[in-house]
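Please follow the packing of a helix, a pair of helices and some aromatic rings through the model shown here.

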Amino acid sequence: MPNRRQFIAGAGLFAAAGFSPSTPQAQTMSETADLILYNGKVTTLDRANPQAEAVAVKDGLILFAGSTAEAMRLAGPGTKTVDVGGRRIIPGLIDSHMHIIRGGLNYNMELRWDGVRSLDHAMEMLKKQVAITPPPQWVRVVGGFTEHQFAEKRLPTLEEINAAAPDTPVFILHLYDRALLNAAALRAVGYTKDTQNPPGGEIVRDAAGNPTGLLIAQPNATILYATLARGPKLPPEYQKNSTRHFMREVNRLGVTSVIDAGGGFQNYPQDYSIIEELHRDGQLTVRIAYNLFTQKPKEELADFSGWVGQVKPGQGDDLYRNNGAGEMLVYSAADFEDFQVARPDMPPNMEADLEPVIRLLAENRWPWRLHATYDETISRALDVFEKVNADVPLNGLNWFFDHAETISDRNIDRIAALGGGIAVQHRMAFQGEYFTERYGARAAERSPPIRRMLEAGLPVGAGTDATRVASYNPWVSLSWLVTGRTLGGLSLYPPSNLLDRESALRLWTQANTWFSSEPGKKGQVKAGQLADLAVLSDDYFSVPDDRIQDITAVLTLLGGTPVHGDGDFKPLAPDLPPAMPDWSPVRTFGGYQQRAEAGGRKYAFASLCGCANACGVHGHAHAQAYQANVPAADERSFWGALGCACWAF
């Protein structure tokens, strides 16, 4: 992150982006702001002061939120001011469940289909990336999308992938349920007719017994992740670059803090060296509170016994700190949410494995988080928690469950009685169709029952579970919380399980501070809190429901320092070095694909060619109509009927 000296030295950039030094107005005041944002619509989430026009910042903290006139009284000769032009300002978003450390190590190697609206366009991206990826590297599409988001409502076939990439290994991960490998990838990982299926996974074979390239989680995703781990890794310097690019990408979406949920094949402390080096070098642009995730089945207690002697919860600073244990505590309690298969029963030894770990954590006052999709798993875990609580009270530990899509009212109340919480993620936006097909629309109406959790007084926070299942885009989650719709357009929830926009935003800001034991430190635009702010591209409180997921930030501040700028604000954020290596998909495609760039491919061309039918003016409408109503085979006739010359491109 740029330091204060670099920030002030960049004053010339402020003028170029609408910033200007103020006149000395308050030199006799005891407090003088470093920065003032004014002429905005500030959602503070401070119930004592819910709306403001301006925010003043000093020494990385919010000094004042209120009227422009009052804020300007805090200006001095060196204060920088910016007119945000009536834009909405919100607290920086906090993701309570992301795998940002692991994701950052790999981001520059990944072709992201997050946000892509058609399979046709996704395959065009794949072909273009294949053409520039040198051997022995792979082309990887690792989560963040669902087949339901595509106009075609399907995944590519293995034949299509092999035709697009006859020689370059391709690995495509779809949710927790499957991976698609082309023939070159099968050769690279060494899967043959003699390769045995691992426990909980299937290597699909043809009539002769040869692997086809389809890997299925049945229901354990280990086969998917173990196969991905066989691919080439980036060298350390490239991993640092990759992590910086991933942090900047989430900054672009208004995210300033993340609670990292660990992850498979992410060992502590070995795989934390890159993020810790970036922290030491002052290059973090996201605040990270990290949980430690056990890596060795049958050795979970040994893992945590070692870690409690190495690090303590809260150890670190406001940018990088330990947050406790999880989301995997013991392997026998992991119920992966593949809704295309029946609910897995946890093994009989689950309680015996879990109890000593929970007892160790409670005795050492370590908070924990536990992945649990199904109510049956939650019931058994709560039996253990209640047993330990009788000896070692859990209250005040800020422990919680992740996911909880099918949790019952009874178990919600049991969690409340023990002082726990629930972190929800928008996995149903990606998998709601599968859930509904298996369990029915009535069951889907409360998957998860967020309003019931809130009514019970539970701490409830929101996150993404990115990057290998859902997308890291927080606005997709906020859209799901408000509308209850999947990316495929299926309405899951009745009004009784939907949130209003402010309540949803609170789950992404103030509420999430409980999950990192930081209430009152951030999450609101309030004097004394960290000056983490996002100035939005569009007004979250007034855009139509179906446009919430398209919002980005035009300016993101971390501790009052710009870490992302777009448009007029772009010169304010420090430049990143180009994505490494030079064939990185990030150089060509970036990360999340905005609507006009992905599903609206023809709109982008129309804007360039200046079609007489006003495609360039009304391109979003044309693109939406195309996505919703026109089969892929009819693309040419659709755009031809509009008199559009874009097909020349």
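In helix α10 (residues 273-280), the buried residues, those under 20% relative accessible area with a 1.4 Å probe and protein chains only, are Ile274, Ile275 and Leu278. Seen down the axis of α10, these residues fall within an arc of 95°, so they line one face of the helix; the arc is that of the directions from the helix axis to the C-beta atoms. Their cover, counted as contact between heavy atoms within 4.5 Å, includes α4 (100-106), α9 (236-252), β16 (287-292) and β17 (320-325). Helices (H or I, at least four residues) and strands (E, at least two) are DSSP runs, numbered from the N terminus. This is a predicted model, in which local features need pLDDT of at least 70, side-chain atom pairs count only at pLDDT 80 or more, and totals for chains, interfaces and linings use all residues. Residues are numbered from 1 along each chain as its sequence is written, and side-chain values use heavy atoms, with hydrogens and water left out.

Aromatic rings also come together around this region. Tyr272 and Tyr290 form a tilted pair, 5.5 Å centre to centre with 50° between the planes, where rings of Phe, Tyr and Trp (its six-membered ring) pair if their centres lie within 6.5 Å, and planes under 30 degrees apart count as stacked, over 60 as edge-to-face and the rest as tilted. The pair links distant parts of the chain, since Tyr272 lies in the loop between β15 (255-260) and α10 while Tyr290 lies in strand β16, 18 residues apart. Tyr272 counts as buried at 0% relative accessibility, and Tyr290 is buried at 3%.

Terms used:
Buried < 20%, exposed > 50% of the residue type's maximum accessible area, 1.4 Å probe, protein only.
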